[in-house]
Structures are given as structure tokens and as C-alpha cells.
Amino acid sequence: MDPRRARDPRLARVDPRLQRGPSALPSPSSQQQSSQQQSSQQQSGSRQGATQWTANGAYMASQSMVPNVLVQQADTASENAIAGPSTPANNVGSSAFKPRPLFCVVCASNQNRSMEGHHVLHKAGYRVISYGTGSAVRLPGPSIDKPNIYSFGTPYNSIYEELNAKDAKLQMLDRNRRIKLAPERWQDSKTVADVVITCEERCFDAVCDDLLSRGGEFNKPVHVINIEIKDNHEEALIAGKAMLDLAAAIEISQDIDEDIDRILQVQQERHPHSLLHAIAFY
């Protein structure tokens, strides 16, 4: 290469290589021309970057030669790293999003067993609702043949205040009124759950019969699992821990339909309650 070309700005207009960027030994006018070209290229977002020529004629790309699309990809990767692993962009190619299951706990009156399950599952952060399958809400009265009877929908607080005047045991009602407004009846419910946990066999039968009578309009499968629990405060507390283990196993499962038999087998080995299982449809 003619050594004058690198020093004479007039000759730089003749050589197309030198038009693309500054030379290794630029003159003031050549350097100003190259700076203007680089500024124009950065504003237009062109993929063409500035170039540099070394003294021995070797070609060297500057940083602006990196295509904008690669810069954008690098920025996106940096944002994803900051956002953390839960960001959907980080899960490209991974398994589809799995929504958390909705648990429904059912007993006869939606007072003791189902509300204990509702309480412990809600406290542990699970999505949970609860119902009763009886014709009315029945609470212990002055004698075994004289229960206190209320209709579903009567607020727990109203029941609490009425029974408080009778010096009844109110710890259960006090807990219930802090969880939700009133006892609810399964047969009147419209919410679609993923897993229904019943607390005795007659409730299990009532739930299955009711779902069958609905005709499976939504074709939405639901696992109905019965945990046989005696209707007293002590047994309800013990069963609450069993419900926690069951809910944990179900929630971490990637395919409950595939894993349910194994989950129930482990549940039966760990806890004393007899189990029943059926698949029904909403």
C-alpha cells in the first residue's frame, strides 16, 4: 500500500476502504469525517459499524459493528437474569405453566372438620374453599337429641353471638368467623374445584351423586378423595395434618391423573384414616 494514502486526506476519498472509517493515523479532517459517519450510523440503527485500519493494513471491527439485534438480545438476557427464574421469558422451551389446584373440603355442616381443613390449608397458603352436604347446619345442643339447628348461609358471627348467651363452647365458631362469612352448602355451590376432600363416606357419596346429577356439562374432571374423620375436635385436628400432607403431594405433582394412585398409597402409609377415591366431572 502506498504510504501516502494513510496520510493524505485527498487520497482517502479515492480508496473506498478508507471511506468506511478512520485510518490508523488520521488527519484532523479525516477524523472529523469519520466521527460524523459513526454518529449517523448509530442514530439510524444500521448494522454497519465503524472500521479501523491498522498501520500494516489489517482490518479491525469496532464495537459498533455488533448488530442491533444482538445488542437487544443481550439486553433481554440481562433483564431476564434480573427478573429471576419465575419470569416467563426464562422458561422458554420448558413445560407449560401449571396452575395451582383449588381444594374443596366438605363435611356435613361446614363447621368442624371441613373448617379445620379449610383453616390449616389456608394458613399454609393453599387455594381452598369449604362446604357442607347436610340439609341444615347442626351444632351440639343441651342434649344429643336437641342440637342447635341453623340454615346454611347464617353468618358464623350471628351463631356465635346467639350461642354465647347460652354459655356454649365457642372456640370453633370463633375460628370459623375469622375464616369466612357463613357455612355454605355443597349442592348450592357453583365453584369448580380441582380436588374435593370429603370428611366421611356419606359426604363422599353426596358429592359424587351431586356431580353425577349435574351431567358433566363442563367435562372438567375432579378428584374426589374421602378421609374418614370422626366428628369431634380432636380428630379434626389430627386430620388437618393429614390434609396438609395430601395437598402438598398433589400440588407438587406435574400430572395428578398419573400420580394419584401413588400419592394415595403414600398417604395411607403415613396416616391412619381410611381413604376412598373417585374421579367425577363438573
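Helices here are DSSP runs of H or I with at least four residues, strands are runs of E with at least two, and both are numbered from the N terminus. Let us walk through the structure with that in mind. The model is a predicted one, so local features need pLDDT of at least 70 and side-chain atom pairs count only at pLDDT 80 or more, while totals for chains, interfaces and linings use all residues. Residues are numbered from 1 along each chain as its sequence is written, and side-chain values use heavy atoms, with hydrogens and water left out.

First, the overall picture. The protein's secondary structure comes to 10 helices and nine strands. Of its 282 residues, 38% count as buried; buried means under 20% relative accessible area, exposed means over 50%, and partly exposed lies in between, with a 1.4 Å probe and protein chains only. The accessible surface comes to about 16900 Å², and 52% of that belongs to carbon and sulfur atoms. These areas come from the Shrake-Rupley method with a 1.4 Å probe, and for residues only the protein chains shown count as cover. Taking a contact as heavy atoms within 4.5 Å, we can also look at how the chain meets itself: among contacts between residues at least 6 apart in sequence, 66% join residues at least 24 apart.

A good place to zoom in is helix α5, residues 113-123. This helix is mostly covered, with eight of its 11 residues buried. Those residues are Arg113, Ser114, Met115, Glu116, Gly117, His118, Val120 and Leu121. What lies over them? The cover includes strands β3 (102-107) and β4 (127-132), along with helices α6 (156-164), α7 and α9. Just before the helix, the loop between β3 and α5 holds Asn110. Its phi is near 55°, a positive value in a residue other than glycine, and at 0% relative accessibility Asn110 counts as buried. After α5 comes Gly125, whose phi is also positive, near 95°.

Two of the buried residues in α5 carry charge, which brings us to salt bridges. Side chains of opposite charge can pair when their charged atoms come close. The rule used here asks for a side-chain nitrogen of Lys or Arg within 4 Å of a carboxyl oxygen of Asp or Glu, and by this rule the count comes to 11 salt bridges.

One of them joins the side chains of Arg113 and Asp231, at 3.6 Å from N to O. Arg113 sits in α5 and Asp231 in the loop between β8 (221-227) and α9 (233-252), so the pair ties together parts that are 118 residues apart in sequence. The two ends have contrasting surroundings: Arg113 is buried, with a relative accessible area of 4%, whereas Asp231 is exposed, at 54%. The pair also belongs to a network of salt bridges that links Arg113, Glu200, Arg202 and Asp231.

Glu116 of α5 has a partner too, Arg175, with their side chains meeting in a salt bridge at 2.7 Å, N to O. This pair links distant parts of the chain, since Arg175 lies in helix α7 (residues 171-179) and the two are 59 residues apart. Both Arg175 and Glu116 are buried. Helix α7 offers a local pairing as well, between Asp174 and Arg178, at 3.4 Å from N to O. These two are four residues apart in the helix, so about one helical turn separates them. Arg178 is exposed, with a relative accessible area of 65%.

From here we can move on to helix α8, residues 201-214, where Glu201 has its place. At 44% relative accessibility, Glu201 counts as partly exposed. Beyond α8, the loop between α8 and β8 contains Asn219. Its phi is near 55°, positive in a residue other than glycine, and at 58% relative accessibility Asn219 counts as exposed.

Our last stop is strand β9, residues 275-281, where Leu275 lies. Setting aside residues up to four places away in sequence, Leu275 touches Asn226, Ile227, Leu264, Gln267 and Gln268. Of these, Leu264 is 11 residues from Leu275 in sequence and 7.8 Å from it in space, C-alpha to C-alpha.
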